[in-house]
Amino acid sequence: MFQEAFDCLPHEILLEKFSAYGLSENSVKLFSSYLSKRKQQIKIGNVVSSWGNISKGVPQGSVLGPILFNVFINDIFYFIRHCKLYNYADDNTLSFSSPDFENLMKCLVEESKILIDWFDINLMANPEKFQALAIGKKTFEKKPVFEINNVKISCDESVKLLGVEIDYLLKFDAHISSICKKAAQQINILKRLGKHLTKLNKLTIFHTFILSNFNYCPLSWHFCSEKNTNKLEKLQERALRFVYDDHVSSYDELLEKAKMPSLRLRRIKVMATEVFKIVHGTAPPCLLDLFTVKECRYNFRYTNILQVPQIRTTTYGKKSFRYAAAVLWNSLPDEFRKTNNFNHFKSLISHWNGGECKCNFCK
């Protein structure tokens, strides 16, 4: 929503907000001195431009930069009454749910106008970045169009939000396809360079570049289809076969050789770790009300059990973090749920096999 946010932040408005928040006059002067009289130049090849004055924006790459930006946008949350506003750095997402379609449209349009007014007043608006997504087939088929300040914003089939492509059916087909394509290209490059690399080199590149594709925001797309899950596993298997030059062993044997879990089990371990943080109050405040620990007056064998929410659908119920994570947590060994030490829990979960026996008889 913001227009080149960090580069276009108005110094005068930021300093006025510092004063409004109660900073002393000398503190405001200090920040004014820090931001003013800065210069920049551009170098292309051997050609260097003349120095130009910087009249707005915060220094990027500094510790103070993000803090100054957060102070600048802090008051935006006071203007939202009915919708939910999710903010991450310079990315703002407005959401609202209602069984009444007309009420939903009205609320989103009204509060979007409020936000745009805020952007205009703070000299930060950039309508070209606006996008909309209607979750659910029934809502999407109504083809909602938001008309805000004479600009019509129609709903897309999918939108990219913080690097994750979210589609209206929450199947994540486009996102999985994207990361698989990127990982496959990296594996192909790795194969071309293979003869110049040792096994350690290959393994390092695999963990650093290829595996990172599958480890970015995994819980957001964990509930993708079985087909997509298998596509991801096949890519990891292909990479491991190249790293170990092994085209005979099974996928499970390759994972054992690499001392690493499957991608699905890796995501489940991440989910269990996040639940631990929520249960023990160390997760972000917005997540702390996701689960409720069952109260029990008796000393049963199983402790620290979570209440599993009632669900009505598979897509938005069973395949939701609130439900699946609660079921997962309750299925963990009692020792895992009893510990209050995060490092101890991480050690336990790292050696957990997902509750599945890997012996030949069970296979």
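## Exercises on a predicted chain

Leu287 sits in the loop between helix H12 and helix H13 (314-318); helices (H or I, at least four residues) and strands (E, at least two) are DSSP runs, numbered from the N terminus. Before we start: this is a predicted model, where local features need pLDDT of at least 70, side-chain atom pairs count only at pLDDT 80 or more, and totals for chains, interfaces and linings use all residues. Residues are numbered from 1 along each chain as its sequence is written, and side-chain values use heavy atoms, with hydrogens and water left out.

**Exercise 1.** Work out whether Leu287 is buried, partly exposed or exposed, and find how far it lies from Glu274 in space.

Step 1: get the cut-offs straight. Buried means under 20% relative accessible area, exposed over 50%, and partly exposed in between (1.4 Å probe, protein chains only).

Step 2: look up the value. Leu287 has a relative accessible area of 27%, so it counts as partly exposed.

Step 3: go for the distance. Leu287 and Glu274 are 13 residues apart in sequence, and their C-alpha atoms are 9.6 Å apart.

**Exercise 2.** Get a feel for the whole chain: its secondary structure, its box, its burial and its contacts.

Step 1: the chain has 16 helices and ten strands.

Step 2: along the principal axes, its C-alpha atoms fill a box of roughly 70 × 65 × 45 Å.

Step 3: of the 363 residues, 37% are buried.

Step 4: take contacts (heavy atoms within 4.5 Å). Among those between residues at least 6 apart in sequence, 60% join residues at least 24 apart.

**Exercise 3.** Say where in the chain confidence is lowest and where it is highest.

Step 1: the score to use is pLDDT, the predictor's confidence in each residue, from 0 to 100.

Step 2: the chain's mean pLDDT is 88, and 93% of its residues reach 70 or more.

Step 3: the lowest confidence is in helix H1 (residues 5-8), with a mean of 67, while helix H12 (residues 263-279) has the highest, at 96.

**Exercise 4.** Describe the salt bridge between Lys234 and Glu237.

Step 1: a salt bridge is a side-chain nitrogen of Lys or Arg within 4 Å of a carboxyl oxygen of Asp or Glu. The structure holds eight of these.

Step 2: in the Lys234 and Glu237 pair, the closest N and O atoms are 3.9 Å apart.

Step 3: why are they about one helical turn apart? Because Lys234 and Glu237 are three residues apart in helix H10 (residues 226-244).

Step 4: check exposure. Lys234 is exposed at 56% relative accessibility, whereas Glu237 is buried at 14%.

Step 5: widen the view. Lys234, Glu237 and Arg241 are linked in a network of salt bridges.

**Exercise 5.** Find which residues Asp334 meets in salt bridges, and compare their burial.

Step 1: one partner is Arg337, with the closest N and O atoms 2.8 Å apart. Asp334 and Arg337 are three residues apart in helix H15 (residues 334-338), about one turn of the helix.

Step 2: another partner is Lys338, at 3.4 Å from N to O. Asp334 and Lys338 also lie in H15, four residues apart, which again is about one turn.

Step 3: Asp334 has 15% relative accessibility, so it counts as buried. Arg337 is buried too, but Lys338 is exposed, with a relative accessible area of 51%.
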